[in-house]
Amino acid sequence: MLTLTENATLVIKSITGVEGAPEGAGVRISQENPADPALAVTTTEAPRPGDQVVEEAGARVFLEQNAANALDDKILDAAVDDKGGVEFLLVPQPGAGHENGAAPTV
């Protein structure tokens, strides 16, 4: 199952905990085509039917089924650049057995 770094947890809580956001809001990651590695990240009020929910220290991530399969052995990290933009990074979990060490950006 996807795990979150402390940075990812903090960033997700900061973007979903804005004033007026509903309780339980989160970030949703989806992948329209399992053959295409592109992932979409959006904020949303609640998971959709069939979404896998990952919750860590109050941060909620909703994974659409294709994305859940693709990210099952990954760690989600996040950073905020000097302009306030958020960048999510995926890295393999230790022992996940990936040959290539590339860390795709979401």
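**How do β6 and β7 pair, and over how many bridges?** In this predicted model, the two strands run antiparallel to each other, and seven bridges hold the pairing. One pair to look for is Ala-78, which stands opposite Phe-88 of β7. β6 spans residues 74–80 and β7 spans residues 86–92. Together the two strands make a hairpin, with five residues between them. In that turn you will find Gly-84, whose phi is positive at about 90°.

**View 1. The whole chain, from one end to the other.** Before zooming in further, take a moment to find your way around. The chain has 106 residues, of which 30% count as buried. Two helices and seven strands make up its regular elements, and along the sequence they follow the pattern β-α-β-β-β-β-α-β-β. If you consider contacts between residues at least 6 apart in sequence, 49% of them join residues at least 24 apart. The accessible surface comes to about 6,300 Å², and carbon and sulfur atoms account for 49% of that area.

**View 2. The three-stranded sheet that contains the hairpin.** Here β6 and β7 appear with a further partner, in an open sheet with the order β1-β6-β7 and mixed pairing. The edge strands are β1 (residues 3–4) and β7, each of which pairs on one side only. β1 runs parallel to β6, and two bridges join them. At one of these positions, Thr-3 has Ile-75 of β6 as its bridge partner. Helix α1 lies across β1, β6 and β7, at about 60° to β6. As a general reminder, strands of a sheet pair through backbone hydrogen bonds, either parallel or antiparallel.

**View 3. The four-stranded sheet.** This open sheet has the strand order β3-β2-β5-β4, and its pairing is mixed. β3 (40–44) and β4 (52–56) are the edge strands, each with pairing on one side only. From one strand to the next, the twist averages 25°. Helix α1 packs on this sheet too, touching β2, β3, β4 and β5, and its direction makes about 90° with that of β5. Between β4 and β5 the pairing is antiparallel, with five bridges. One pair to find is Glu-56 and its bridge partner in β5, Ala-59.

**View 4. The largest nonpolar core.** This core has 18 residues. Those that touch the most other members are Leu-2, Leu-4, Ile-12, Ile-29, Val-61, Leu-63 and Leu-76. Both helices take part: α1 (6–16) and α2 (65–70) each supply at least two residues, as do β2, β5, β6 and β7. Try centring your view on Leu-4. Leaving aside neighbours within four places in sequence, Leu-4 is in contact with Thr-9, Ile-12, Val-54, Glu-56, Ala-59, Val-61 and Leu-76.

**View 5. Asp-51 and its polar contacts.** Is Asp-51 buried or exposed? This residue lies in the loop between β3 and β4, and Asp-51 counts as buried because its relative accessible area is 13%, under the 20% cut-off. Its side chain makes a polar contact with the side chain of Arg-28, at 2.7 Å. A polar atom of the Asp-51 side chain also lies 2.9 Å from the backbone nitrogen of Arg-48. Not counting residues up to four places away in sequence, Asp-51 touches Arg-28, Phe-62, Leu-63 and Glu-64.

**View 6. Ala-57 beside helix α1.** Ala-57 sits in the loop between β4 and β5. With a relative accessible area of 59%, Ala-57 is exposed. Even so, there is something to see around this residue: apart from residues up to four places away in sequence, Ala-57 touches Thr-9 and Lys-13. Thr-9 is 48 residues away along the chain, yet the C-alpha atoms of Thr-9 and Ala-57 are separated by 6.9 Å.

**View 7. Asn-7 in helix α1.** How accessible is Asn-7, and what does that make it? Asn-7, found in helix α1, has a relative accessibility of 43% and so counts as partly exposed. Leaving out residues up to four places away in sequence, Asn-7 touches Asp-77 and Ala-78. You can also locate Val-80, 73 residues away from Asn-7 along the chain: the C-alpha atoms of these two residues are 9.4 Å apart.

Note on methods. Residues are numbered from 1 along each chain as its sequence is written. This is a predicted model: local features need pLDDT of at least 70, side-chain atom pairs count only at pLDDT 80 or more; totals for chains, interfaces and linings use all residues. Side-chain values use heavy atoms; hydrogens and water are left out. A nonpolar core is a set of buried Ala, Val, Leu, Ile, Met, Phe, Trp, Tyr and Cys residues joined through side-chain atoms within 4.5 Å. Buried means under 20% relative accessible area, exposed over 50%, partly exposed in between (1.4 Å probe, protein chains only). Contact means heavy atoms within 4.5 Å. Accessible areas come from the Shrake-Rupley method with a 1.4 Å probe; for residues, only the protein chains shown count as cover. Two strands pair if DSSP finds at least two bridges between them. Axes are lines fitted to C-alpha atoms, for helices over the stretch in contact, and angles run from 0 to 180 degrees between N-to-C directions. A polar contact is a pair of N or O atoms within 3.5 Å; within protein, one must be able to donate a hydrogen and the other to accept it, and residues adjacent in sequence count only if both atoms are side-chain atoms.
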